[in-house]
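Colleague: Please give me a close look at one part of this model, then work outwards from there. Spell out the cut-offs as you go, since I'd like to compare them with my own scripts.

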Amino acid sequence: MNNRQLTGMLVKRGILSLPELKSLEEKSLESGQGLRDLLFKEARIDETQLVDMLSEQYNVPKISVADLEIEAEVISILNKQTCLRYKVVPISRIGNTLTVAMSDPSNMNAQDDIKFLTDYNVEVVVASESEIIEAIEKYYGAIEAPQSSSDGGGDAVFNLDELLSEMEEVQVETGEMKEMTIEESIREAGDAPVVKLVNMIVLDAIKKKASDIHVEPYEKSFRIRFRIDGVLYDVLHPPKHMQDAIVARFKVMSNLDIAEKRVPQDGRIKIKMGKGREMDFRVSVLPCIFGEKTVLRLLDKSNLQLDMTKLGFFEEQLEGFKNAIHRPYGMILVTGPTGSGKTTTLYSALAELNKTDVNISTAEDPVEFNLEGINQVPIREQVGLTFSAALRSFLRQDPDIIMVGEIRDFETAEIAVKAALTGHLVMSTLHTNDAPSTITRLLNMGIESFLVTSSLNVIAAQRLGRKVCQKCKEEIPIEKSVLKELQVTDQMIAEVSGGVPRIFKGRGCDACSGSGYKGRIAFYEVLLMSDVMKEAVLNGASSMELKQTALQDGMKSMRMCANLHMLAGVTSMDEVLRNTAPD
C-alpha cells in the first residue's frame with residue numbers, strides 16, 4: 001500500500017484531517033523521514049488499528065502470526081527472499097490452496113508472483129508487518145544484509161523493479177511505429193508474472209549478447225533458447241501452462257493479432273535504453289502443431305561493427321575488396337547462408353563510401369540498422385514494393401551507389417546488372433555456398449555470361465566462426481596428420497606460427513559462460529574478377545573449374561582463411577570444421 005492509499009483511508013475515517021496531513025507531508029520532506037514512519041512515530045495510528053482498517057477495507061480476515069505454530073512443510077513453500085520482499089509468510093496449505101499472511105493485502109502483484117512461483121491458489125489474511133518480520137526471523141533465521149546471489153529460489157529474476165532499473169529509459173515500439181513504455185504495456189496486458197518473465201527473457205538475451213530468442217512449444221514441454229555466437233543454448237523451461245500467455249505477450253509488444261493463431265505473423269519491437277542505445281527485435285510467429293513458435297532476432301546498433309579491418313579480412317583480401325568498392329561502377333556481391341554476417345559486410349562497405357558527395361540508396365527486407373546519410377527503403381511485397389520495383393525507382397533518383405538486400409529472381413538480377421553497366425555501383429547478396437558458385441547461380445538465373453563478366457567487380461563469400469575466449473584459452477597438442485587433413489600447409493604454419501603449429505581451445509570460464517568462446521569472426525573467400533576469371537566464365541567453365549582457376553589466380557579459399565585464423569589463435573579447430581568445407 002502506498003502513502004496516498006494509506007492517508008486516504010485515514011482521512012476518510014476521520015483519524016487524520018487534511019491540515020494535519022499537509023503538516024505531516026511538510027515534516028516528512030524537511031526531515032527526510034517516510035510519511036508512514038511519522039504516522040506511527042507521532043501515534044496517529046498504531047499497527048493494530050492499521051490491521052483492523054486493512055481487514056475491513058479489503059474484506060480479508062485478520063490474524064496474529066505470533067499466536068501460530070507454522071509447519072516446516074508450509075514454510076518451505078516460499079523462500080526467505082520472497083517473504084522479505086513482499087512482507088508475507090505462508091501459514092497453511094490445504095489441498096491446492098496456500099494461505100499467506102500479508103502486511104499489505106492490496107499488493108496484487110505479490111499475490112500473482114506467489115501463485116506463479118508455487119503453482120498454488122493463494123488466499124490472503126492480513127497481519128502486522130512487525131509480526132511478519134518476527135515470523136520470518138523465527139522460521140527462516142536471522143535477517144542478514146542482502147546477498148549478491150539468490151537464496152536457492154528462482155524468484156529473484158522476476159523482480160521487475162530491478163529489471164527496469166537496468167534499463168534507464170525503456171520504450172517499446174510496435175510494428176506500426178507506435179511507441180509505448182514498458183510500464184504502459186504492463187498496464188495494458190495486466191501486471192502479471194508473465195510480463196515480468198518476458199522482460200527477464202529479453203533483458204537476459206541482451207546481457208548475453210544473443211542474436212536470436214527461440215520460444216518453442218512441444219507436446220509436453222515448453223522451452224526458450226538463445227542463439228549466442230551462432231550456437232543455440234537451452235536457457236529456460238517455463239511451465240507448459242504459460243505457453244500461450246508468453247506468446248501473447250510477445251504479440252502485444254510487436255503489435256500482432258493475438259487472436260490469430262492460424263497463419264504466420266511478423267512484427268517488430270524497439271527498445272530504447274539509456275545513453276542513446278537502441279535495440280530492435282524482429283518478431284516472427286509461426287503456427288506449429290503444439291502451439292506457436294516465436295523467434296525474435298536482436299539487432300543491436302551499438303554492436304554493429306563497421307570497421308572493415310576488424311571483420312576478418314586478411315590484408316590482401318581487404319585490399320582487393322576495397323579496390324572493388326571504390327570503383328565508380330560495377331557490382332559487388334556478398335554471399336553466404338542466413339546469419340553469416342553478409343549485411344554487416346555490406347554496411348561496412350557503405351560506411352566506407354558514405355560521403356556527402358554521393359547519393360546512396362538501399363532496398364532491404366527488412367531494414368536491420370538505420371544508417372545516417374543513407375536512403376533506406378523497406379521492402380513491402382504485399383503492396384508491390386519488391387526488390388525489382390525499388391531498384392527501378394532508385395534509377396530515377398539520381399543514384400551513385402545502390403544496395404539491394406538480396407537478388408532473388410531474374411528480374412532483380414537483370415536490373416542490377418544493367419545498373420552496374422550504366423555507371424552505378426551496385427551491392428547485393430546471394431545465397432550460395434562459395435564465391436565461384438555465385439557466378440554459376442547468376443548464369444542459371446538467365447544472365448548472359450558476357451554481362452556477368454562486364455558487370456562483376458568482386459564476390460565475397462563468408463561464414464562466421466566463434467572466437468576462442470582470450471581469458472581461458474589454452475594450447476592443445478595436435479598431430480601433423482590432423483593438420484594435413486585440415487589442409488594446413490607448411491607455408492601457412494611458417495606465415496602465422498613461425499614454423500611451429502599452435503592450436504588453442506577455450507577451457508571455459510565466467511567471461512564466456514563456460515562455452516570457451518566469446519565473439520565471432522568472419523572467414524572470407526574474396527574472388528576478384530580478373531582477366532583470367534573473365535576468360536574462364538566466357539569459356540563456360542563449371543563451378544568446380546572456376547574455383548580451381550580462382551585458387552591458381554591467388555584467391556584464398558574459406559578453409560584457408562579459417563586455418564590461418566586457427567593458427568593465429570583466434571578460432572578453434574572445431575570451428576574450422578564446423579563452418580568450412582575442404583577445397
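Modeller: Let's start with the open sheet of three strands, which has the order β1-β2-β3 and mixed pairing. Two strands count as paired here if DSSP finds at least two bridges between them, and the names come from DSSP runs numbered from the N terminus: helices are H or I of at least four residues, strands are E of at least two. β1 (88-94) and β3 (121-126) stand at the edges with a single partner strand each, so one side of each has no neighbour in the sheet. From one strand to the next, the twist averages 30°. For the angles, axes are lines fitted to C-alpha atoms (for helices over the stretch in contact), and values run from 0 to 180 degrees between N-to-C directions.

Before going on, a word on what you're looking at: this is a predicted model, where local features need pLDDT of at least 70 and side-chain atom pairs count only at pLDDT 80 or more, while totals for chains, interfaces and linings use all residues. Residues are numbered from 1 along each chain as its sequence is written, and side-chain values use heavy atoms, with hydrogens and water left out.

Back to the strands. β1 pairs with β2 (residues 97-102) in the antiparallel sense, over six bridges. One pair to click on is serine 92, whose bridge partner in β2 is threonine 99. Helix α7 (residues 108-118) packs on this sheet and touches β1, β2 and β3, with its direction at about 140° to that of β3. Contact, by the way, means heavy atoms within 4.5 Å.

Now for α7 itself. Its buried residues are Asn109, Ala110, Gln111, Asp113, Ile114, Phe116 and Thr118; buried means under 20% relative accessible area, exposed means over 50%, and partly exposed is in between, with a 1.4 Å probe and protein chains only. The cover over those buried residues includes α6 (80-86) and α11 (193-207), along with β1, β2 and β3. After α7 comes aspartate 119, which has a positive phi, near 65°.

On the other side of α7 in sequence, aspartate 104 sits in the loop between β2 and α7. With 12% relative accessibility, aspartate 104 counts as buried. Its C-alpha is 9.3 Å from that of valine 125, and the two are 21 residues apart along the chain.

α11 leads on to another loop: lysine 208 lies between α11 and β6 (212-217). Lysine 208 counts as partly exposed, at 35% relative accessibility. Setting aside neighbours within four places in sequence, lysine 208 is in contact with Phe226, Ile228 and Val235. Lysine 208 and cysteine 512 are 304 residues apart in sequence, yet their C-alpha atoms are 9.4 Å apart. For the chain as a whole, residues 24 or more positions apart make up 64% of the contacts with a separation of 6 or more.

There's another open sheet to set beside this one: seven strands in the order β14-β13-β15-β16-β12-β17-β20, again with mixed pairing. Here β14 (375-378) and β20 (517-528) are the edge strands, each with a single partner, so one side of each is left without a neighbour in the sheet. Direction ignored, neighbouring strands of this sheet are turned by 20° against each other on average. β12 (residues 330-335) and β16 (residues 425-430) pair in the parallel sense over six bridges, and leucine 333 has serine 428 as its bridge partner in β16. Helix α14 (residues 342-353) packs on this sheet, with β12, β13 (360-364) and β17 (456-468) among the strands it touches, and its direction makes about 170° with that of β16. Helix α23 (residues 558-567) lies across β17 and β20, running at about 140° to β20.

Last, a helix pair. The axes of α21 (residues 531-538) and α22 (residues 543-552) come within 10 Å and cross at roughly 165°. That makes α21 roughly antiparallel to α22; the classes are under 35 degrees for roughly parallel, over 145 for roughly antiparallel, 65 to 115 for roughly perpendicular, and oblique for the rest. Val532, Met533, Ala536 and Val537 of α21 make the contact with Leu546, Thr549 and Ala550 of α22.
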